[in-house]
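Good morning, colleagues. Thank you for making time on the agenda. I should like to take you through one structure, beginning with its surface and ending with its pocket.

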Amino acid sequence: ILAGRPIIFQASDLFGQQEAARAGLGAAVLPCFMGDNDAMLVKLPVEELPPVRDLWLTAYPDIGRSPVMRTVMTFLADIIGRECPLR
């Protein structure tokens, strides 16, 4: 993906990577649900498949047992699953 280009900025946070790309610092590998709807970014063609990242939805155990929170978490997982289908 780098194709010989140097790394000039590194961040483990996707939002930081998105902001760096928006500021013109270079290219970033972002999930489609973040990059595709960002009018300030341009999707670049790549030869290789992009890396796979895990997304975690976590909650404290007592909150995770709440029926209302389970409904919200299921809704979020469904939305993200549709927007980011597994290959």
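Which residues form a nonpolar patch on the surface? Before I answer, a word on the basis of what follows. This is a predicted model, in which local features need pLDDT of at least 70 and side-chain atom pairs count only at pLDDT 80 or more, whereas totals for chains, interfaces and linings use all residues. Residues are numbered from 1 along each chain as its sequence is written, and side-chain values use heavy atoms, with hydrogens and water left out.

The patch is made of Phe 33, Leu 55, Leu 57, Val 68, Val 72, Phe 75, Leu 76 and Ile 80, which together have about 700 Å² of accessible area. Such areas come from the Shrake-Rupley method with a 1.4 Å probe, and for residues only the protein chains shown count as cover. A patch consists of residues with over 30% relative accessible area and no salt bridge; nonpolar side chains (Val, Leu, Ile, Met, Phe, Trp, Tyr) are joined within 5 Å, and like charges within 9 Å.

The most is given to this patch by helix α4, residues 67-83, with five residues. Helices are DSSP runs of H or I with at least four residues, strands are runs of E with at least two, and both are numbered from the N terminus. One residue of α4 is Val 72, which is partly exposed at a relative accessible area of 35%. On this scale, buried means under 20%, exposed over 50%, and partly exposed in between, with a 1.4 Å probe and protein chains only.

Phe 33, another member of the patch, belongs to helix α2 and is partly exposed at 33% relative accessibility. Its C-alpha lies 8.2 Å from that of Ile 80, although 47 residues separate the two in sequence. Beyond the residues up to four places away in sequence, Phe 33 touches Leu 55, Glu 83 and Cys 84, where contact means heavy atoms within 4.5 Å.

I turn now to the charged residues. Side chains of opposite charge can pair when their charged atoms come close. How many salt bridges does the structure hold? There are three, each defined as a side-chain nitrogen of Lys or Arg within 4 Å of a carboxyl oxygen of Asp or Glu.

Two of these share Arg 22. In one, Arg 22 pairs with Glu 19, and the closest N and O atoms are 3.3 Å apart. Because these two residues are three apart in helix α1 (residues 14-22), about one helical turn separates them. Glu 19 is partly exposed, at 45% relative accessible area, and Arg 22 is partly exposed as well, at 31%.

In the other, the side chain of Arg 22 meets that of Asp 38 at 2.9 Å, N to O. Arg 22 lies in helix α1 and Asp 38 in the loop between α2 and α3, so this pair ties together parts that are 16 residues apart in sequence. Asp 38 is buried, with a relative accessible area of 9%. Glu 19, Arg 22 and Asp 38 are thus linked in a network of salt bridges.

A further salt bridge joins the side chains of Asp 36 and Lys 43, at 3.5 Å from N to O. Asp 36 is partly exposed at 46%, while Lys 43 is exposed at 62%.

Helix α1 also holds two glutamines that I would like to show you. Is Gln 17 buried or exposed? Gln 17 is buried, with a relative accessible area of 14%. Leaving out residues up to four places away in sequence, Gln 17 touches Ala 11, Ser 12, Ala 28, Val 29, Leu 30 and Arg 53. Gln 18 is buried too, at 12%, and its contacts outside four places in sequence are Leu 30, Met 34, Asp 38 and Leu 41.

Finally, the largest pocket holds about 2,000 Å³ of space. Of the 50 residues that line this pocket, Ala 28, Val 29, Leu 30, Pro 31 and Pro 50 are the closest to its centre. A pocket is an open set of points on a 1 Å grid over the protein atoms alone, where a 1.4 Å probe fits, with protein on both sides within 12 Å along at least five of seven lines; lining residues have an atom within 4 Å of a point. The volume is the space filled by probe spheres set on the points, which are joined across faces, edges and corners. The largest share of the lining, five residues, comes from α4.

Thank you for your attention.
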